[in-house]
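Here are my notes for someone opening this one up for the first time. Have a look at the picture, then work through the points.

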Amino acid sequence: MGYATNSFIIPVLIGKGGLIISDSLNHSSIINGARGSGANIRIFQHNTPSHLEKILREEIAKRQTKTHKPWTKIIVIVEGIYSMEGEICKLPEIVSICKKYKAYVYLDEAHSIGAIGGTGRGVCELLGVDTADVDIMMGTFSKSFGSCGGYIAGSKELIQYLKHHCPSHLYATSISTPSAQQIISAIQVILGDDGSNRGAQKLARIRENSNYFRTELRNMGFKVLGDEDSPVMPIMLYNPAKIPAFSRECLRENVAIAVVGFPATPLMLGRARICISASHSKPDLIKALEVISKVGDLTGIKYFPAAPEKQEKNGIKLV
């Protein structure tokens with residue numbers, strides 16, 4: 001899956017004498033891959049390009065601690081959509097800074113590929129970033145493509161290097177034929193190469209579903225993270241005791257919701273993680289919202305006043 005992709009690929013790309021600058025909220029697979037590489041690691045404040053630039057300046061001037069030699073290479077690692085925040089990466093600014101200081105950009109698109117952008121090509125398409133400016137693009141086939149495995153996209157030279165040096169490619173077996181065909185078929189649908197407009201319809205539906213669901217949750221008084229168009233929307237629970245309570249009460253109402261706590265998040269920042277699909281119908285979403293609202297009242301996690309309900313007078317809606 002994507003976890004193994006990051007964990008095995010990063011140590012092949014960089015080692016001792018190199019520097020990894022990682023977003024503070026990057027996925028644990030990126031953290032484990034960086035630690036396993038033997039490279040020096042610096043962390044920059046989440047989605048804050050100015051802090052990234054400050055660290056780049058410091059490290060280029062300071063060089064390697066023991067030998068004082070220049071870094072053999074510097075890789076900046078970010079995610080397209082951050083899996084526990086639902087926030088979209090400030091990629092244009094980050095790419096601009098990396099080009100200025102000649103650092104490589106590693107983009108994890110696990111949650112953005114096939115879900116955002118006009119034709120589903122991810123955060124680069126959404127934000128107007130040339131993919132040629134992103135050196136390594138990583139993703140998983142287990143989300144938008146409904147299969148298994150992960151991938152790395154980059155220059156021909158990079159891919160040839162990985163084929164000959166990455167242990168997970170050399171020693172692991174390939175994915176099964178049905179899984180590979182599922183990936184190919186999903187890509188054809190998303191791009192419209194299957195001769196239909198199903199891909200465009202699904203992309204429009206996931207965007208509409210996501211924005212509708214997020215707006216309704218906020219109107220109910222929940223603390224909801226994430227940016228517009230992002231299909232990932234965490235509902236903040238905070239109190240660790242409320243994590244199992246929220247999950248179990250929702251399940252009583254036949255709504256299964258993934259909840260996340262320590263160590264995947266800081267101890268007091270537990271959350272319910274909603275991931276919206278194009279397959280969710282309007283009745284599905286309304287049912288889920290009704291249950292979440294009811295359980296939110298029961299567990300006391302509506303931290304803001306609810307928005308005033310719209311009323312109708314003579315057929316005209318009033319706020």
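Is Y303 buried, exposed or partly exposed?

1. Let's settle that one first, keeping in mind that this is a predicted model. Y303 has a relative accessible area of 34%, so it falls between the buried limit of under 20% and the exposed limit of over 50%. That makes Y303 partly exposed.

2. Y303 has an aromatic partner, Y238, and the two rings meet edge-to-face, with 5.3 Å centre to centre and 75° between the planes. The pair ties together distant parts of the chain: Y238 belongs to strand β7 (residues 232-238), while Y303 lies in the loop between α11 (282-299) and β10 (311-313), 65 residues apart. Y238 counts as partly exposed too, because its relative accessibility is 27%.

3. The structure has three aromatic pairs in total. Another of them is F141 with Y151, a tilted pair at 5.2 Å centre to centre and 35° between the planes. F141 sits in the loop between β5 and β6, and Y151 is in strand β6, ten residues along the chain. Both F141 and Y151 are buried. Add F145 and you have one aromatic cluster of F141, F145 and Y151.

4. Now for the sheet. It is open, built from six strands in the order β2-β1-β3-β4-β5-β6, with mixed pairing. β2 (40-44) and β6 (150-153) are the edge strands; each has a single partner, so one side of each lacks a neighbour in the sheet. From one strand to the next, the twist averages 20°.

5. Zooming in, β4 and β5 (residues 136-140) run parallel and are joined by three bridges. D108 stands opposite M138 in β5. Helix α2 (residues 28-37) packs on the sheet, where it touches β1, β2, β3 and β4, and its direction makes about 165° with that of β1. α3 packs on the sheet as well, touching β1, β2 and β3, at about 150° to the direction of β2.

6. What about the core? The largest nonpolar one has 30 residues, and I21, V76, V78, L91 and V134 have the most contacts inside it. Elements giving two or more residues include β1 (19-23), α3 (49-62) and β3 (74-79), but the largest share, six residues, comes from α4. A second, separate core has 23 residues, among them F222, I257, L289 and I292.

7. One last thing to look up: the charged end of K282 sits over the ring of Y212, 4.6 Å from its centre.

Definitions and conventions
Residues are numbered from 1 along each chain as its sequence is written. This is a predicted model: local features need pLDDT of at least 70, side-chain atom pairs count only at pLDDT 80 or more; totals for chains, interfaces and linings use all residues. Side-chain values use heavy atoms; hydrogens and water are left out. A nonpolar core is a set of buried Ala, Val, Leu, Ile, Met, Phe, Trp, Tyr and Cys residues joined through side-chain atoms within 4.5 Å. Buried means under 20% relative accessible area, exposed over 50%, partly exposed in between (1.4 Å probe, protein chains only). Helices (H or I, at least four residues) and strands (E, at least two) are DSSP runs, numbered from the N terminus. Two strands pair if DSSP finds at least two bridges between them. Axes are lines fitted to C-alpha atoms, for helices over the stretch in contact, and angles run from 0 to 180 degrees between N-to-C directions. Contact means heavy atoms within 4.5 Å. Rings of Phe, Tyr and Trp (its six-membered ring) pair if their centres lie within 6.5 Å; planes under 30 degrees apart count as stacked, over 60 as edge-to-face and the rest as tilted. A charge sits over a ring if NZ of Lys or CZ of Arg is within 6 Å of the ring centre and within 35 degrees of the ring normal.
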